[in-house]
Amino acid sequence: MWKIESMQRLQAFKYELVPDGQQERQMRRFAGSCRFVFNQALALQKERYAHGEKTLGYAGLCKMLTSWRNNPDTAWLAEAPVHPLQPALKDLEWAYSNFFAQRAGFPRFKKKGQHDSFRYPDPTQFKLDQGNSRVFLPKLGWLRDRNSRDVDGTVKSLTVRQSCGQWFVSLQTEREVEQPRHPSTTAVGIDLGVARFATLSDGTVYAPLNSFKRHETALRKAQQAMSRKTTFSSNWKKAKARVQRLHARIGHARRDVLHKTSTAISQNHALVFVEDLQVRNLSKSAAGTTEAPGRNVRTKSGLNKSILDQGWAEFRRQLEYKLEWRGGWLIAVPPQNTSRTCPCCGQVSAANRRSQARFACVECGFAEHADLVGAINILRAGHARFACEVSDAVRSPAAGTHRSDLGAAQCRA
Ligand SMILES: [Zn+2]
């Protein structure tokens, strides 16, 4: 039924950089220049808004950039390579359009040390020498990298990023691949939770990550120790390095578990259904506003922290692209009554959910772990939804049965 088609695969390859002292200083300076340009442009937009003027578009901002580079007060900007400065303006433009589309909050000023990065948007601006594990960047020269695996496809752009005291280069690539056919034909529903990270409708259970909780005490102690030191003293620097190391370890452990879990699920099942929970809404403003303070702030912020700690959004993102690479699908279903419906007799009642963990039907007596019941109901809801989407697509030939159409149908709902 499915035609073999080719599809475009976008993939990023990330390597750790091994800069010398001079290169590291330069990279910090370049990232600082990009941050300055972003903040300067944001300040300008805010000022224009305060005066009732329209926000400047990308082209207008680029003109401003030229004037800043020519201005004697900010002449040091001219020392940074020009290529990464313009993407900083692009970032601001995205931040604004995300804000206007209500996908994100109002753009904020960037702070030193947070997401230090700069990007080369065009492959003619850098050179890649994989045989010798090095990359050439304007004004930096050849930089050594830890080339863990070779890049596949055409390199489109390059980003240099600092994270927890280490520098990384990330290469965004594009290539044509044959539309894969998933080796499996099974479908599965997943219930994501706090006590169990993921419960599959086939009974598989993934334990919670809790990576942050485990390291939380150590991190808090390290942060306290850092705050007791005199800022910028050598002991402060040591304490800061310790905090950074702990942050890095937490991040690595979490990513590792998420990747292992999402890989296993995407290999075993061609069709994966998840609840269409708005993770962002759940984790948004537990504290409420000053006019309407939130209820249960303590428990909610605890739950929020757990949700963020669990990385549900990241997990979904990984599942989605891994399934797509293998020719499978991730489909979100609305979370209506998934936790209250009996999978045995169909009875819908809040009383069925005896506790956070226990489900027992008031009608037929069916009893199971509540998360497993949730996963089974998600699978059923998903089957119903998927069937109607496919038949819709078949009924209107223009829509075809392409993955992208199904994806769009899912997004519209
Ligand atoms: Zn029942």
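Which residue in strand 7 does Q11 stand opposite? Keep in mind while looking that the model is predicted; then select Q11 together with strand 7, and you will find T173 standing opposite Q11.

Widen the selection to strand 1 (residues 6-18) and strand 7 (residues 166-178), which run antiparallel and are joined by 11 bridges. These two belong to an open sheet of 7 strands, with antiparallel pairing and the order 2-6-7-1-5-4-3. At its edges look for strand 2 (117-120) and strand 3 (127-129), each of which pairs on one side only. If you view the sheet along its strands, note that neighbouring ones are turned by 30 degrees against each other on average, direction ignored.

Next, select helix 1 (residues 21-50), which packs on this sheet and touches strand 1, strand 2, strand 5 (141-146), strand 6 (154-163) and strand 7, while the direction of helix 1 makes about 85 degrees with that of strand 2.

Now turn to the aromatic side chains, among which there are 11 aromatic pairs. Begin with F30 and F118, whose rings form an edge-to-face pair at 5.7 Å centre to centre, with 80 degrees between the planes. Because F30 lies in helix 1 and F118 in strand 2, this pair ties together parts that are 88 residues apart in sequence. F30 is buried, with a relative accessible area of 4%, and F118 is likewise buried, at 2%.

Move on to F36 and W76, where the ring centres are 4.9 Å apart and the planes stand at 65 degrees, so this pair is edge-to-face. The pair links distant parts of the chain, since F36 is in helix 1 and W76 in the loop between helix 2 (58-70) and helix 3 (85-100), 40 residues apart. Here F36 is partly exposed, with a relative accessible area of 22%, and W76 is partly exposed at 38%. A further selection of Y96, F99, F100 and F106 shows a cluster linked by ring pairs.

Finally, centre the view on the zinc ion, whose protein donors are the SG atoms of C342, C345, C361 and C364, lying 2.3 Å from it. The 4 donor atoms subtend angles of 105 to 113 degrees around the zinc ion, which makes the arrangement tetrahedral. Along the sequence, the donor residues are spaced C-x2-C-x15-C-x2-C. Of these, C345 sits in the loop between strand 12 (329-333) and strand 13 (358-360), whereas C364 sits in the loop between strand 13 and strand 14 (367-369), 19 residues apart. C345 counts as partly exposed at 40% relative accessibility, and C364 counts as partly exposed at 39%.

Terms used
Residues are numbered from 1 along each chain as its sequence is written. This is a predicted model: local features need pLDDT of at least 70, side-chain atom pairs count only at pLDDT 80 or more; totals for chains, interfaces and linings use all residues. Side-chain values use heavy atoms; hydrogens and water are left out. Donors are N, O and S atoms within 2.8 Å of the metal (3.2 Å for Na, K and Ca); water is not among the atoms, so sites may look incomplete. Four donors count as tetrahedral if all angles lie between 85 and 135 degrees; four count as square planar and six as octahedral if opposite donors are over 155 degrees apart and all others between 65 and 115; anything else is irregular. Helices (H or I, at least four residues) and strands (E, at least two) are DSSP runs, numbered from the N terminus. Buried means under 20% relative accessible area, exposed over 50%, partly exposed in between (1.4 Å probe, protein chains only). Two strands pair if DSSP finds at least two bridges between them. Axes are lines fitted to C-alpha atoms, for helices over the stretch in contact, and angles run from 0 to 180 degrees between N-to-C directions. Contact means heavy atoms within 4.5 Å. Rings of Phe, Tyr and Trp (its six-membered ring) pair if their centres lie within 6.5 Å; planes under 30 degrees apart count as stacked, over 60 as edge-to-face and the rest as tilted.
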